[in-house]
Amino acid sequence: MPAYANAQMHRAPRLALVVSLAALAFRGDGAGDPTGTPGMGAAGSDRFHPGPADAAARYARGDWVMIWREEFSEGPAPSPERWTYEHGLVRNNELQYYTVDRRENARVEGGQLVITGRRERWEGADYTSASLTTRGKFAFTYGKVEIRAKIPTGRGTWPALWMLGDTDRVGWPRCGEIDLMENVGFDPQKVHFTVHTGAFNHVRKTQRGRTVVLDEPWADFHRYGLIWTHERLEFFLDGEKVFEFANDGQGPEHWPFDAPQYLIVNLALGGQWGGQQGVDDAIFPVEFRVDYVRVWRAPAK
Ligand SMILES: [Ca+2]
């Protein structure tokens with residue numbers, strides 16, 4: 001299990017799902033899922049396809065009501081009104097030291113948040129990076145989220161866009177975790193969408209998720225999205241539905257998602273998943289760019 005060098009960061013042991021194990025838990029979104037059984041098949045069997053048209057249409061509706069947005073239009077630093085930083089060595093035996101309010105690791109430039117992973121000695125670590133969260137600043141229950149981002153690549157990188165519930169109240173994984181996007185640089189074509197709850201999590205090897213293969217997910221910006229209702233979590237990639245996690249009515253161990261979650265954007269280096277094949281020190285510095293984060297509440301019926 002992870003070591004928590006920073007006591008205030010004890011709450012979120014978001015361990016890696018191991019690809020081979022995660023594949024066992026993958027589940028398509030039923031009739032609407034274009035590929036059905038991702039993850040375990042031959043290479044290319046889980047390539048990105050357009051999702052069901054009705055889901056894409058719901059996602060694209062013009063009457064979602066925006067309740068929070070970050071366009072990263074003002075630099076040079078992320079707005080302290082919206083963002084806070086994780087600090088130090090936080091989880092998963094990752095190698096990066098997360099710095100706080102340091103432009104070398106987190107800056108706003110050209111309308112984008114740029115998180116930079118660096119190979120440098122810092123507070124006893126060999127790498128620095130940043131993890132920004134809206135914890136204590138913004139959280140919400142139900143709605144739609146879209147984050148437009150361009151991931152880095154290279155062996156050892158582990159960028160993520162994700163959400164967590166109130167870990168102080170119920171702890172992880174019972175608080176619920178929604179991973180809108182994860183990618184590990186040693187397996188760079190795969191983009192992972194995952195849900196963790198008390199009943200379904202990587203510790204039990206029961207996390208639920210989907211992996212989608214793209215040719216070069218790091219080459220362009222992509223839109224990573226979620227529609228969240230009391231009934232289900234629907235994950236979207238570039239406006240196409242790729243995965244669904246349904247509320248099975250078995251209570252909060254299965255479905256803790258009737259409570260607020262906050263947002264996290266981070267670039268990890270190494271660690272229990274990202275570091276499984278080591279870190280290529282020739283890749284640094286590496287940049288994880290986020291164009292915007294937008295959150296809506298549901299349209300009026
Ligand atoms: Ca922007």
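This passage describes the strand pairing and the nonpolar core of a predicted model of a protein chain.

The secondary structure of the chain comprises three helices and 17 strands. Of its 301 residues, 48% count as buried, and among contacts with a separation of 6 or more, 73% are made by residues 24 or more positions apart.

Seven of the strands form an open sheet with antiparallel pairing, in which the order is β2-β7-β16-β9-β10-β11-β12. The edges of this sheet are taken by β2 (84-85) and β12 (208-213), each of which has a single partner strand, so that one side of each is left without a neighbour in the sheet. Within the sheet order, β10 is followed by β11; the pairing of β10 (residues 177-182) with β11 (residues 190-196) is antiparallel and rests on four bridges, and E182 stands opposite H192 of β11.

A further group of pairings centres on strand β17, which spans residues 286-297. Strand β1 (residues 65-70) is joined to β17 in the antiparallel sense by five bridges, with V65 having R297 as its bridge partner. Strand β5 (residues 112-122) likewise runs antiparallel to β17 and is paired with it over five bridges; here V114 is placed opposite R289. The pairing of β17 with strand β8 (residues 143-150), also antiparallel, involves seven bridges, and in this case the bridge partner of V145 is V295. In general, the strands of a sheet pair through backbone hydrogen bonds, in either a parallel or an antiparallel arrangement.

The largest nonpolar core contains 66 residues, of which L161, L180 and L226 touch the most other members. L226 lies in strand β13 (residues 222-228) and counts as buried because 23 C-beta neighbours are found inside 10 Å, where 20 or more are required. When neighbours within four places in sequence are left aside, the contacts of L226 include L180, itself one of the three core residues that touch the most other members. The remaining contacts of L226 under that condition are K144, V145, I178, L233, E234, F235 and F236. V145, the residue whose bridge partner in β17 is V295, is thus listed among the contacts of L226 as well. The C-alpha atoms of L226 and G143 are 8.1 Å apart in space, although the two residues are separated by 83 residues in sequence.

Methods: Residues numbered from 1 in each chain as written. Predicted model: local features only at pLDDT ≥ 70, side-chain atom pairs only at ≥ 80, totals over all residues. Pairing = 2+ DSSP bridges. Helix = DSSP H or I, 4+ residues; strand = E, 2+ residues; numbered from the N terminus. Buried ≥ 20, exposed ≤ 12 C-beta atoms within 10 Å, placed from the backbone. Contact = placed C-beta atoms within 7 Å. Core = buried A, V, L, I, M, F, W, Y, C linked by C-beta atoms within 7 Å.
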